[in-house]
Amino acid sequence: KAPMSLSQLFEPRSIAVIGASSNPERIGGRPVAYLLREWLPRDPGRRLYPVNPGRTVLQGQRSYRSMSEIGVPVDLAIIAVPSTSVLAAVRDCVSARCHAAIICSAGFAETGEAGKALQAQIVRLAKGAKMRLLGPNCLGLLNLHAGLFATFAEAGRFTDHSAGSIAIASQSGATMSQLLMLARGRGIGLSRIISTGNECDIDVAECIAYFATDPQTKVILAYLEGCASGERLVAALD
C-alpha cells in the first residue's frame with residue numbers, strides 16, 4: 001500500500017457523519033459541531049453531510065437519510081452508530097463509493113469471538129470496494145493545519161490548539177487525547193494526530209510511513225500496545 005493512500009483521511013474535501021446528532025454533546029454530534037466550527041468555514045469547496053434517517057436538518061445543516069441520498073462520492077465517512085448498525089453503515093458507504101471510513105463504535109474484536117466475526121465481515125466488505133478503514137473502537141483523527149477534527153474527543157471542544165510539526169500515531173484513544181491536551185497546555189504545535197483502535201485495516205506502521213512523507217511533519221510520536229506486523233513497522237521506520 002502506498003503511504004499516500006492516507007491523504008484522503010487527513011485531507012478530505014467532503015465528510016459525512018453517519019449517526020449524526022443534533023446535540024453537540026453526543027458522540028454523533030461532536031464531530032459535526034467541531035467540523036462546522038473550524039474545518040468547513042476555512043474552504044468554500046469543502047462539504048459536510050450529516051446522515052441521520054430521522055432528521056432533515058441537523059445543527060443548521062441539511063441532513064441526509066443515507067449515504068446514497070447524498071448522490072456524490074464522499075472522501076471520508078465518520079461512523080458513530082452502535083456496533084449492531086455498523087455493517088449496514090459500511091455497506092451504505094461502499095454503495096455510495098466512499099473512499100475511507102472512521103469507525104468510532106466499539107463492540108468488535110476487542111469484545112470476543114462474535115465481535116471478531118463482525119469485524120472480519122466489515123473488513124471483507126471494505127476491501128472488496130478498496131475503501132480504507134480506521135478503527136473500529138477508535139477516537140478518530142485530527143489535521144490541525146486544516147482545522148480538521150474528525151473525532152468525538154472531548155479535547156476537540158477547545159479552539160486554542162496550535163498547529164505545528166509533531167505528528168502522533170496512537171493505538172489508544174485515551175493516550176491520544178492526553179497527548180493532545182498536554183500539547184495544548186504547553187503551546188506545543190501538532191500537525192496530524194490519529195488513533196488506530198483495533199487496526200482492522202490502517203495500523204500505526206502505515207501512519208508512520210505516511211507521516212514520514214508529510215512536509216508539515218518533522219517529528220513523529222508513536223504509542224504502541226502491540227504490533228501485528230514487525231516487518232511493516234521496520235519498513236515504516238526505515
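**Exercise 1. Determine how exposed Glu154 is, and describe its salt-bridge partners.**

Step 1. Glu154 has a relative accessible area of 42% and is therefore partly exposed. The classes are defined with a 1.4 Å probe and protein chains only: buried is under 20% relative accessible area, exposed is over 50%, and partly exposed is in between.

Step 2. The model is predicted, so local features need pLDDT of at least 70 and side-chain atom pairs count only at pLDDT 80 or more, while totals for chains, interfaces and linings use all residues. Residues are numbered from 1 along each chain as its sequence is written, and side-chain values use heavy atoms, with hydrogens and water left out.

Step 3. Glu154 forms a salt bridge with Arg157, and the closest N and O atoms are 2.8 Å apart. The term requires a side-chain nitrogen of Lys or Arg within 4 Å of a carboxyl oxygen of Asp or Glu. Side chains of opposite charge can pair when their charged atoms come close.

Step 4. Arg157 is also partly exposed, at a relative accessible area of 34%. A network of salt bridges links Glu154 and Arg157 with Glu25 and Arg30. The structure as a whole holds 15 salt bridges.

**Exercise 2. Locate Asp160 and Arg184, and state what their pairing ties together.**

Step 1. The salt bridge between Asp160 and Arg184 has its closest N and O atoms 2.6 Å apart.

Step 2. Asp160 lies in the loop between E9 and strand E10 (163–170), whereas Arg184 lies in helix H6 (residues 173–186), so the pair ties together parts that are 24 residues apart in sequence. Helices (H or I, at least four residues) and strands (E, at least two) are DSSP runs, numbered from the N terminus.

Step 3. Asp160 is partly exposed, with a relative accessible area of 47%; Arg184 is partly exposed as well, at 24%.

Step 4. Arg184 also lies over the face of Phe158, at 3.7 Å from the ring centre. For a charge to sit over a ring, NZ of Lys or CZ of Arg must be within 6 Å of the ring centre and within 35 degrees of the ring normal.

**Exercise 3. Classify the ring pair of Tyr34 and Phe149.**

Step 1. The structure holds five aromatic pairs. Rings of Phe, Tyr and Trp (its six-membered ring) pair if their centres lie within 6.5 Å; planes under 30 degrees apart count as stacked, over 60 as edge-to-face and the rest as tilted.

Step 2. The ring centres of Tyr34 and Phe149 are 6.3 Å apart and the planes stand at 65°, so this pair is edge-to-face.

Step 3. Because Tyr34 belongs to helix H2 (residues 30–39) and Phe149 to strand E9 (residues 148–151), the pair ties together parts that are 115 residues apart in sequence.

Step 4. Tyr34 counts as buried at 4% relative accessibility, and Phe149 counts as buried at 2%. Arg37 lies over the face of Phe149, 5.5 Å from the ring centre.

**Exercise 4. Describe the surroundings of Ala205, including the largest cavity.**

Step 1. Ala205 is placed in helix H7 (residues 204–212). Its relative accessible area is 6%, so Ala205 is buried.

Step 2. Apart from neighbours within four places in sequence, Ala205 is in contact (heavy atoms within 4.5 Å) with Arg232, Leu233 and Ala236.

Step 3. Residues lining the largest cavity include Ala205, Leu224 and Leu233. On a 1 Å grid over the protein atoms alone, a cavity is a set of points where a 1.4 Å probe fits but cannot get out, and lining residues have an atom within 4 Å of a point.

Step 4. The largest cavity holds about 50 Å³ of space. Here grid points are joined across faces, edges and corners, and a volume is the space filled by probe spheres set on the points.

**Exercise 5. Identify what is notable in the backbone at Pro136 and at Arg97.**

Step 1. Most residues other than glycine have a negative phi, and most peptide bonds are trans.

Step 2. Gly135 and Pro136 are joined by a cis peptide bond, with omega about -5°. Pro136 is in the loop between strand E7 (132–134) and strand E8 (140–143).

Step 3. Arg97 is not a glycine, yet has a positive phi of about 55°. Arg97 lies in the loop between helix H4 (83–95) and strand E6 (100–103) and is exposed, with a relative accessible area of 55%.

Note on methods: On a 1 Å grid over the protein atoms alone, a cavity is a set of points where a 1.4 Å probe fits but cannot get out, and a pocket is an open set with protein on both sides within 12 Å along at least five of seven lines; lining residues have an atom within 4 Å of a point.
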